[in-house]
Amino acid sequence: MGLKSGDHGAKTFFKKDFAAAFQTLRKLTDVRTLVGVQRSQTLAVLDGNVMMNAMPKTADTFRAYVAIVTAQLEEACQAAAHVVVVFDEPNAMTMAKRDEQRRRDQLRQARVPLCSEELVATITDDNYSTNDLNTEGCNVKLLMEFRKARPRFYDAVFMAAMHRFRAAMEGGAWSLTFDGIDERGAERGHGVPRDAGIVSSDPSLFWQGLLNREVPIGEGDLKLTDVTQRVHDASRREGTPVHGVLLNLVVTVDTDSLVIELLQQNRRERRVEEDDKNELTILCLREPSRKRAGDDFVTDAHYLCCDMQVFHELVLDYFYGTQHLSDAMKAQQPAALALFASALALCGCDFVEVRGLRADLVLPCVREVARNQPELLELMHGVYTGRAEDTRNAGEAIKA
């Protein structure tokens, strides 16, 4: 949902008040090395939609997109033995997400050059092939502005990258998996429905079985968390390709993952079995290189890394002032974190914004409710039930 950025945004507030959880590192391999685990014990999960939307302005050809995606995947494969790239599933989106996409589409169309009827600025629909993408003058940066054309382009780019990896990385304990891609790429027949599924370099079909879901997850940023949970469960079984994996590198640019992963970390902390608590998650927010206005100083591209275990401890300490809590207080933690997430969303995200609300101003109010108004906090448990009426009841706590 993209939390509001800027001087008063959530990320800025977190970096200042929970600084011990954050560190800046240049490469994903540096993150794993700092944690002190082996590549074979590491999973990297990347948001494919983010990768495609964060391309440099100079990249406007199919070959350029494939080269940049391949380089990012190579970096991930150097850091982790298992790499999973997740994608949105258009057919499983929430109504709120669909509304947001319509708003974005209107903004995108304003950037497309106007042409006469006999000319087109780029491919605008689903009926094209790889040859069309490789045609001289085909501007795929403009193609990305058209939602109907985009899914086939994603398939084409990532399947081209997969073919490169299969040719270059034969043998060894590694895997590259795409969650939400049609393996036919751009060679799917015109008019043939897209069948986005699990595509993996691992011929054993392990990943297809692991990541197939009875109930689809529409949004990639939620898939990031789902994949880590599924891999963790499988890592506890001897004989699986992911046995022994304990470190998750979650790679994205979306700041909403700070809150999504915080909620997931609370679930991890509440596991009963001690040997089920060895999972480590580092959220790696990719930040591009930037040139400072007025001079030649350039900040290299890097990752702002958040240790979710430390972040979770610091947030709860902020709420309660101590880590020594009564059983009743511990039982209220999921509700307190849900209120925390709701308050941050109201400060500004893709779906809602209350003008004037800021993270540094609203979170002390959340703390007050968490400490002193348990009857209101109890209402927040409803958001975890999946029932609309229970979720609506949470509004009273949010108003407070």
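Two rings of Phe, Tyr or Trp form a pair if their centres lie within 6.5 Å. The model used in these exercises is predicted.

**Exercise 1. Take stock of the chain.**
Find how many helices and strands the chain has, and what share of its residues counts as buried.

Solution.
- Step 1. Count the elements: the chain has 18 helices and 10 strands.
- Step 2. Turn to burial. Of the 400 residues, 48% count as buried.
- Step 3. Look at contacts between residues at least 6 apart in sequence. Of these, 70% join residues at least 24 apart.

**Exercise 2. Follow the aromatic rings.**
State how many aromatic pairs there are, then classify the pair of Phe13 and Phe18.

Solution.
- Step 1. The ring rule gives 18 aromatic pairs.
- Step 2. Take Phe13 and Phe18. Their ring centres are 6.1 Å apart, and the cut-off is 6.5 Å.
- Step 3. Check the planes. Planes over 60 degrees apart count as edge-to-face. The planes of Phe13 and Phe18 stand at 90 degrees, so this pair is edge-to-face.
- Step 4. Check burial. Both Phe13 and Phe18 are buried.
- Step 5. Trace the cluster. Ring pairs connect Phe13, Phe14, Phe18, Phe22, Phe311, Tyr318, Phe319, Tyr320 and Phe340.

**Exercise 3. Describe how H14 packs on H15.**
Give the angle and the distance between the axes of H14 and H15, then the residues in contact.

Solution.
- Step 1. Recall what is needed. The angle between the axes and the distance between them describe two packed helices.
- Step 2. H14 spans residues 333–346 and H15 spans residues 359–372. Their axes lie 10 Å apart, at an angle of about 155 degrees.
- Step 3. Angles over 145 degrees count as roughly antiparallel, so H14 is roughly antiparallel to H15.
- Step 4. H14 and H15 cross in a right-handed sense.
- Step 5. From H14 come Ala336, Leu339, Phe340, Ala343 and Leu344. H15 supplies Ala359, Val362, Leu363, Val366, Val369 and Ala370.
- Step 6. Sort this contact by class: 11 nonpolar, no polar and no charged residues.

**Exercise 4. Repeat for H11 and H12.**
Find the crossing angle of H11 and H12, and sort their contact residues by class.

Solution.
- Step 1. The axes of H11 (residues 256–269) and H12 (residues 308–320) come within 9 Å. They cross at roughly 85 degrees.
- Step 2. The range 65 to 115 degrees counts as roughly perpendicular, so H11 is roughly perpendicular to H12.
- Step 3. H11 contributes Leu258, Glu261, Leu262, Gln265, Asn266 and Glu269. H12 contributes Met308, Gln309, Phe311, His312 and Val315.
- Step 4. The contact of H11 with H12 has 5 nonpolar, 4 polar and 2 charged residues.

Conventions. Residues are numbered from 1 along each chain as its sequence is written. This is a predicted model: local features need pLDDT of at least 70, side-chain atom pairs count only at pLDDT 80 or more; totals for chains, interfaces and linings use all residues. Side-chain values use heavy atoms; hydrogens and water are left out. Axes are lines fitted to C-alpha atoms, for helices over the stretch in contact, and angles run from 0 to 180 degrees between N-to-C directions. Helices (H or I, at least four residues) and strands (E, at least two) are DSSP runs, numbered from the N terminus. Angles under 35 degrees count as roughly parallel, over 145 as roughly antiparallel, 65 to 115 as roughly perpendicular and the rest as oblique. A crossing is left-handed if the near helix is turned anticlockwise from the far one by less than a right angle, and right-handed if clockwise. Contact means heavy atoms within 4.5 Å. Ala, Val, Leu, Ile, Met, Phe, Trp, Tyr, Cys and Pro count as nonpolar, Asp, Glu, Lys and Arg as charged, and the others, Gly among them, as polar. Rings of Phe, Tyr and Trp (its six-membered ring) pair if their centres lie within 6.5 Å; planes under 30 degrees apart count as stacked, over 60 as edge-to-face and the rest as tilted. Buried means under 20% relative accessible area, exposed over 50%, partly exposed in between (1.4 Å probe, protein chains only).
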